[in-house]
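Visitor: I should like to learn how to read the internal spaces and helices of a protein model. Could you guide me through one case?

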Amino acid sequence: MKSAEDFTEADVFRNIAYVTMKDETRIAYISYCPKKSGRYPTVFLYDPYIANSTPFEIAKEFLDAGYAFVGANLPGTGCSEGVIDFWHEQRMIKGGPYGAEVVEWIARQPWSDGNIGMVGNSSAGQPQFWVAAERPPHLRAIVASGFGDGYEFLGYPGGMLPLLEGAWAIDSEFVTGPRGAEWRINQGDTECANIRGSDRQVIKTSFFDAWRNHPLKDEFWDSETLVSKELIDRVTVPSMIIGAWQEAYGGAAMANVRMFTHFMQNVKNKKLVLMNGDHGINGPGPRGYSLVDKERMKFLDRWVKGVKNGIDSEPPITVYWEVQQPEGDPKKSVAGWVTHHNTWPDPKVERRTFYLTADAQISPEKPGANSNEGSRAYLYPTGTELYGDNQQFQVRPYSRGVLNYRTAPVTSDMVLLGNPEVVLYLSIDNGDDADVELTLKDVAPDGVLFVQSGLLRASLRAIDNERTYVDEVVHSFRKPEKLVPGEIYELRMSFISPIAHVVRQGHSLELTIGATNPIPHSVLGTIPAGAASINRVYHSAQYSSRILLPVIPGAVAQAPAPAYDALRGQPYRKDDEFVPGGLPIQ
């Protein structure tokens, strides 16, 4: 077997062709296997993008490690045949059974040793569970990363339609997918040209149209949900889930944690790997962290190749803290330190309550009859700050349209692991609704670092008590309950994803409350609900707005603070001036 640095395209056979399903539907695939004779375990990538046109550079990582590689498109996408209701449809009806048939086809190939593992990020992460639920005999393991899910993770985080996710859905269906098909056609795949636009490949409606037609969590979203007992109880193969805290695509890390902690009860060998970073760190590919590449390969080697490498004796949860990429190279990624956990949330975590005060503080003192009494008002909806990148983050939000709160500088490191919860007592004076966006930031003596965000449409504040956990407030999103001007409402909300973050000695935490911002940032950006209004947040003993922080008592940072620009997905600005914000009225 050649070493990693020796493999080139000349060393492998590449095949661009089709697998015929039992119902005569043909699924487009591309395969790479070493020219050196032998039988190889195989890595399978299955998605609605360009898996059927996977470039050699993506397959190379696995070829170098001793695997063959197959990429195939979901039915009705790329060059695959199929009549589907909408792009990205992955329900058990088609996506799962067809993927399972491809797994068994791979096992029958002369270059396959019959051991197959699936990999993929985002829309290549989700279908792995649909396939695994079919229990194809030769599927040995799945490694899924960065997958959102259903209504609150993909369609309407916080009950709001993200404009840039709409753009993503349109680009994926009409730009990215066709690009892969065009590549195959240019490589001589004449069948692809015949399939596309024919009655053998039909998408009945666009994903974005289907999405917009279902603004509440109804049967449509229930049929698409991934994190469900009915589906996941059928998954038994060894499973690794990888997530990133600053993953903006509908809070995928929260979906990943929820899946692992509450639903994968029949999976004996499972692993959850979490770290700071954005959607692209999960790979496979050039933007993926080398840390993720190594974790993924170690899992595949154990459960697909059968290598006794000790991973099955490790604690099931690994957290990488303060991952950086020296020289901007994700393949040189390094963590400040690593922790291992047997359960989530870790039992050492204490959920400490800090109160928002009328003088813009975040305080451990309970509100009393004097200093914390009262409310603060802000103009709605001018939008809170943008955190898509450093350039956006430099622009402070309009101060009259947000409320800022800040802790005193901490006297010792405060280590956070989990999802903060915020309880707000809110009123409006006009309209019938309000969207709330939170941003949580770490304030150092010389700058401000974005940590996490949270979203909730006030009319969709009803909580799903059966699915709310210690570490996550889950809303039902079934029926709007409009607001009445002048009445005070309790809003309980988690952030988009959990966090692993150290507020170092001398630093403060800052919480900003405002409206959503329609300007796209990351993949968010929503048009706020309701009408022009003066909104209020209350701070009295009766209406004690507060934040619950998941603190590990006595823990401290295990490495020096990283440079501001070293943390991917976490923009910063060189500014620590505190502006309380809000309107100058009582």
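Guide: The turns below treat cavities, a pocket and two helices of this predicted model.

Visitor: How many cavities of 30 Å³ or more are there?

Guide: Rolling a probe the size of a water molecule over the atoms shows where empty space is left. In this model the count comes to four cavities of 30 Å³ or more. The largest cavity has a volume of about 260 Å³. Its lining is made up of 20 residues, and Glu152, Gly158, Leu455, Ser494 and Phe495 are the closest to its centre.

Visitor: Which elements give two or more residues to the lining of the largest cavity?

Guide: They are helix H4 (150-155), helix H10 (252-262) and strand S20 (447-457). Of these, S20 gives the most to the lining of the largest cavity, namely three residues.

Visitor: How does the lining of the largest cavity divide by class?

Guide: The lining of the largest cavity has 10 nonpolar, seven polar and three charged residues.

Visitor: What volume does the second largest cavity have, and which residues are the closest to its centre?

Guide: The second largest cavity holds about 80 Å³ of space. It is lined by 11 residues, of which His88, Gln126, Leu154, Phe207 and Glu224 are the closest to its centre. At least two residues of this lining come from each of helix H3 (126-132), H4 and helix H8 (219-224). H8 supplies the largest share, three residues. By class, the lining of the second largest cavity comprises six nonpolar, four polar and one charged.

Visitor: An open space is read as a pocket. What lines the second largest pocket?

Guide: The second largest pocket has a volume of about 320 Å³. Among its 20 lining residues, those closest to its centre are Arg352, Phe354, Val410, Ser412 and Met414. Strand S13 (350-356) and strand S25 (546-551) each contribute at least two residues to the lining of this pocket. The lining of the second largest pocket has 13 nonpolar, five polar and two charged residues.

Visitor: Let us turn to helices. How is the span of H5 to be read, and where is its kink centred?

Guide: An α-helix has 3.6 residues a turn, so residues three or four places apart point the same way. Helix H5 (residues 163-186) has 24 residues and reaches 33 Å from its first C-alpha to its last, close to the 34 Å expected at 1.5 Å a residue. H5 nevertheless has a kink of about 45°, centred on Ser172. Just after H5, Gly188 takes a positive phi of about 105°.

Visitor: Which residues of H5 are buried, and what covers them?

Guide: The buried residues of H5 are Glu165, Gly166, Trp168, Ala169, Ser172, Glu173, Gly177, Pro178, Gly180, Ala181 and Arg184. Ser172, the centre of the kink, is thus listed among the buried residues. The cover over the buried residues of H5 includes strand S1 (12-20), strand S2 (26-34), H4, helix H6 (190-195), strand S8 (201-205) and helix H7 (207-212).

Visitor: Why is H11 described as largely enclosed by the rest of the structure?

Guide: H11 is so described because 13 of its 16 residues are buried. Just after H11, Gly306 takes a positive phi of about 85°.

Visitor: Where is Val307, and why does Val307 count as partly exposed?

Guide: Val307 is in the loop between helix H11 (290-305) and strand S11 (317-321). Val307 counts as partly exposed because its relative accessibility is 38%, and the class lies between under 20% for buried and over 50% for exposed. Apart from neighbours within four places in sequence, Val307 is in contact with Asp301 and Arg302.

Notes: Residues numbered from 1 in each chain as written. Predicted model: local features only at pLDDT ≥ 70, side-chain atom pairs only at ≥ 80, totals over all residues. Heavy atoms only, no water. 1 Å grid on protein atoms, 1.4 Å probe; cavity = no way out; pocket = protein on both sides within 12 Å on 5 of 7 lines; lining within 4 Å. Points joined across faces, edges and corners; volume = space filled by probe spheres on them. Helix = DSSP H or I, 4+ residues; strand = E, 2+ residues; numbered from the N terminus. Nonpolar A, V, L, I, M, F, W, Y, C, P; charged D, E, K, R; others polar. Expected span 1.5 Å × (residues − 1). Bend = angle between axes of the 7 residues up to and from the residue. Buried < 20%, exposed > 50% of the residue type's maximum accessible area, 1.4 Å probe, protein only. Contact = heavy atoms within 4.5 Å.
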